[in-house]
Amino acid sequence: MSLSGVCVTAVESRPAGGGTAHARRAVGQLGTSTGNRPFGARLKAFVALTKPRIIELLLITTVPVMFLAEQGVPDLWLVLATCLGGYLSAGGANALNMYIDRDIDALMDRTSQRPLVTGMVSPREGLVFGLTLAVVSTLWFGLFVNWLSAWLSLGALLFYVVVYTMILKRRTAQNIVWGGIAGCMPVLIGWSAVTNSMSWAAVVLFLVIFFWTPPHYWPLSMKVKEDYARVGVPMLPVVASNRVVARQIVLYSWVMVAVSLLLTPLGYTGWFYTTVALVTGGWWLWEAHALQARAKAGETGVKLKEMRLFHWSITYVSLLFVAVAVDPFLR
């Protein structure tokens, strides 16, 4: 997804033309005067800065944890307050990410229609918008949820913007591994919102998302590695072969599934969660090993079918966390 993490992603729309040419053409058409930027289009552009599709997935890892922490239905106002605070925090982090990355976004097909690239939102506006959301979200959490959740949210936002975007992303192939810590924070925030404390259950689910993030994102990176290579971002598929990437995906997948099964022996979940974790985890491992087999066979392009695992990864995390929410009612 702080609720301002990167660990959960969504495929963004790809423009018809190439990234660089499309971006320059779009900027030339829009210009910089507000008269050339209709209010409705600008409003949509500011919403786009928050990456709402990604935030939907981030919330999936927050609300179910609140049910687990409550061992039932949490206070609905608290759920709404936590979700709104999370949206604002994630939106601020995403807007600041786009502000920092606007130079490379203009050169990548996948991101060349982002508002700061097309000129629908100016860099100054994007920076002010992101900083404002960061401040407002922190105050919102502190005043309407609790201050532990507020500091966790702010910490994750800063981790995503500073550690991931500014330091790791353009320097190391381990960027998504350690940068993904920010996207694990919604789990801790969901738990702290209910209990104003931490627990081993929250830590286990944090680790599930930590080990989920690389095998979730690397298949997408395999598909668009030319984009990353063009701008010098060393995502693992850019600097390593498909065989190496697939082997890493399998390794992280096994650890992720193993960690997901720790909740039951620790006494936090029962048979329902365990069943869902085993079935969905088993299917994940099947897909991960299938991708590895295709990579070993030298398959490339559409035959590699790397996006099968990417799409399943979103389904997996959704089903697993729904099970987290439902399990307390079946024990």
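**Figure 1. The two sides of helix H3 in a predicted model.** On the side of H3 facing away from its buried residues lie Arg53 and Glu56, both exposed; exposed means over 50% relative accessible area, buried under 20% and partly exposed in between (1.4 Å probe, protein chains only). Helix H3 spans residues 52–60, and its buried residues are Ile54, Ile55, Leu57 and Leu58. Viewed down the axis of H3, these buried residues fall within an arc of 160 degrees, so they line one face of the helix; the arc is that of the directions from the helix axis to the C-beta atoms. The buried residues of H3 pack against helix H5 (76–100), helix H11 (181–195) and helix H17 (307–326), where contact means heavy atoms within 4.5 Å. Helices (H or I, at least four residues) and strands (E, at least two) are DSSP runs, numbered from the N terminus. Residues are numbered from 1 along each chain as its sequence is written, and side-chain values use heavy atoms, with hydrogens and water left out. Because this is a predicted model, local features need pLDDT of at least 70 and side-chain atom pairs count only at pLDDT 80 or more, while totals for chains, interfaces and linings use all residues.

**Figure 2. Aromatic pairs and a cluster.** The structure contains 15 aromatic pairs. Rings of Phe, Tyr and Trp (its six-membered ring) pair if their centres lie within 6.5 Å; planes under 30 degrees apart count as stacked, over 60 as edge-to-face and the rest as tilted. In one pair, the ring centres of phenylalanine 46 and phenylalanine 129 are 5.1 Å apart and the planes stand at 65 degrees, so the pair is edge-to-face. Phenylalanine 46 belongs to helix H2 (residues 39–49) and phenylalanine 129 to helix H8 (residues 123–144), so the pair ties together parts that are 83 residues apart in sequence. With 18% relative accessibility, phenylalanine 46 counts as buried. Tryptophan 218 and tyrosine 252 have ring centres 5.5 Å apart and planes at 85 degrees, so this pair is also edge-to-face. Tryptophan 218 is in helix H12 (residues 200–223) and tyrosine 252 in helix H15 (residues 242–260), so parts 34 residues apart in sequence are tied together. Both tryptophan 218 and tyrosine 252 are buried, and they join Trp178, Phe210 and Phe211 in one aromatic cluster.

**Figure 3. Helices H16 and H17.** The axes of helix H16 (residues 271–296) and H17 come within 9 Å and cross at roughly 170 degrees. Axes are lines fitted to C-alpha atoms, for helices over the stretch in contact, and angles run from 0 to 180 degrees between N-to-C directions. The two helices are therefore roughly antiparallel; angles under 35 degrees count as roughly parallel, over 145 as roughly antiparallel, 65 to 115 as roughly perpendicular and the rest as oblique. Among the residues that meet are Trp283, Trp284 and Leu291 in H16 and Trp312, Tyr316 and Leu320 in H17.

**Figure 4. The loop between H16 and H17.** Leucine 304 is placed in this loop and, at 3% relative accessibility, counts as buried. Leucine 304 touches Met222, Asn242, Leu291, Arg294, Ala295 and Glu299, not counting residues up to four places away in sequence. Lysine 305 is found in the loop between H16 and H17 and is partly exposed, with a relative accessible area of 46%. The phi of lysine 305 is near 55 degrees, a positive value in a residue other than glycine.
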